[in-house]
Amino acid sequence: QVIAYSRRRYRILGETLDVAVGNCIDRLARLLQIPNAPSPGYNVEQLAKSPPGGFGKLRWHPKTSGGPQNRLFVVPQAVTPKLLESGEATQEDLCFSLQETAFAMLAEVTERALALTRARHLLLVGGVAC
């Protein structure tokens, strides 16, 4: 979630309705059968560093209005096996696509939150933020 405190109120400015970003990355690692040692997120990050050939094969549409587009893991869970079996994408492509899209979604909603609240400070918390 992206939450802003403004005018003595907390406002939710963006969220996913299925899983947190860190959990989403871990679930992709499990789906791709990437080892847990030292951690699934680290291994996904290492695979994502390879030059991507298929970025954009997974289509995410970041919105804050609710509905299926706020479900971060629905798309990869549904299409990952098909893309791997057909050879349209590699594990590296999928790791890069998910990581970059998730972080871009976080950056987009955070920028909107800062602009809306005219805040001068930002506090990042949580597993992915650390």
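Here are five short exercises on the predicted model shown above, each with a worked solution.

**Exercise 1. Get your bearings**

Find which helices and strands the chain has, and in what order they come.

*Solution.* Begin with the count: the chain holds four helices and two strands. Next, walk along the sequence, where the pattern reads β-β-α-α-α-α. Then look at burial: of the 130 residues in the chain, 33% are buried. Finally, turn to the contacts between residues at least 6 apart in sequence; 66% of these join residues at least 24 apart.

**Exercise 2. Check the confidence**

Work out how the pLDDT runs in this model, and where it falls below 50.

*Solution.* Take the chain as a whole: the average pLDDT is 78, and 76% of the residues score at least 70. Now go to residues 63–69, where the pLDDT is below 50. In the model, this stretch has 11 contacts beyond near neighbours in sequence. Please keep that pLDDT in mind when you look at those contacts.

**Exercise 3. Compare two helix pairs**

Describe how helix 1 packs with helix 2 and with helix 4, and classify each pair by its angle.

*Solution.* What do we need for each pair? Two packed helices are described by the angle between their axes and the distance between the axes.

- *Helix 1 with helix 2.* Helix 1 covers residues 21–31 and helix 2 covers residues 40–48; their angle is about 75°, and their axes are 8 Å apart. Angles of 65 to 115 degrees count as roughly perpendicular, so helix 1 and helix 2 are roughly perpendicular to each other. On the helix 1 side, the contact is made by Ile25, Asp26 and Ala29, and on the helix 2 side by Pro40, Gly41 and Val44. Sorted by class, this contact has four nonpolar, one polar and one charged residues.
- *Helix 1 with helix 4.* Helix 4 covers residues 91–117; its axis and that of helix 1 come within 11 Å and cross at roughly 175°. Angles over 145 degrees count as roughly antiparallel, so helix 1 is roughly antiparallel to helix 4. Helix 1 brings Val21, Cys24, Ile25 and Leu28 to the contact, while helix 4 brings Leu94, Cys95, Leu98, Ala102, Phe103 and Leu106. The classes here are 10 nonpolar, no polar and no charged.

Note that Ile25 appears in the contact with helix 2 and also in the contact with helix 4.

**Exercise 4. Place two residues with polar side-chain atoms**

For Asn43 and Thr117, decide whether each is buried or exposed, and find a backbone oxygen by each side chain.

*Solution.* Start with Asn43, which sits in helix 2. Its relative accessible area is 13%; buried means under 20%, so Asn43 is buried. A polar atom of the Asn43 side chain lies 2.6 Å from the backbone oxygen of Pro35. Leaving out residues up to four places away in sequence, Asn43 touches Ile34, Pro35, Asn36, Ala37 and Pro38.

Now take Thr117, in helix 4. With a relative accessibility of 18%, Thr117 also counts as buried. A polar atom of the Thr117 side chain lies 2.8 Å from the backbone oxygen of Ala113. With the same sequence neighbours left out, Thr117 touches Ala4 and Ser6.

**Exercise 5. Locate Leu83**

Find the helix that holds Leu83, its burial, and its C-alpha separation from Leu94.

*Solution.* Leu83 belongs to helix 3, residues 74–86. Its relative accessibility is 8%, so Leu83 counts as buried. Leu94 is 11 residues away along the chain, and the C-alpha atoms of Leu83 and Leu94 are separated by 9.0 Å.

Conventions. Residues are numbered from 1 along each chain as its sequence is written. This is a predicted model: local features need pLDDT of at least 70, side-chain atom pairs count only at pLDDT 80 or more; totals for chains, interfaces and linings use all residues. Side-chain values use heavy atoms; hydrogens and water are left out. Axes are lines fitted to C-alpha atoms, for helices over the stretch in contact, and angles run from 0 to 180 degrees between N-to-C directions. Angles under 35 degrees count as roughly parallel, over 145 as roughly antiparallel, 65 to 115 as roughly perpendicular and the rest as oblique. Contact means heavy atoms within 4.5 Å. Ala, Val, Leu, Ile, Met, Phe, Trp, Tyr, Cys and Pro count as nonpolar, Asp, Glu, Lys and Arg as charged, and the others, Gly among them, as polar. pLDDT is the predictor's confidence in each residue, from 0 to 100. Buried means under 20% relative accessible area, exposed over 50%, partly exposed in between (1.4 Å probe, protein chains only). A polar contact is a pair of N or O atoms within 3.5 Å; within protein, one must be able to donate a hydrogen and the other to accept it, and residues adjacent in sequence count only if both atoms are side-chain atoms.
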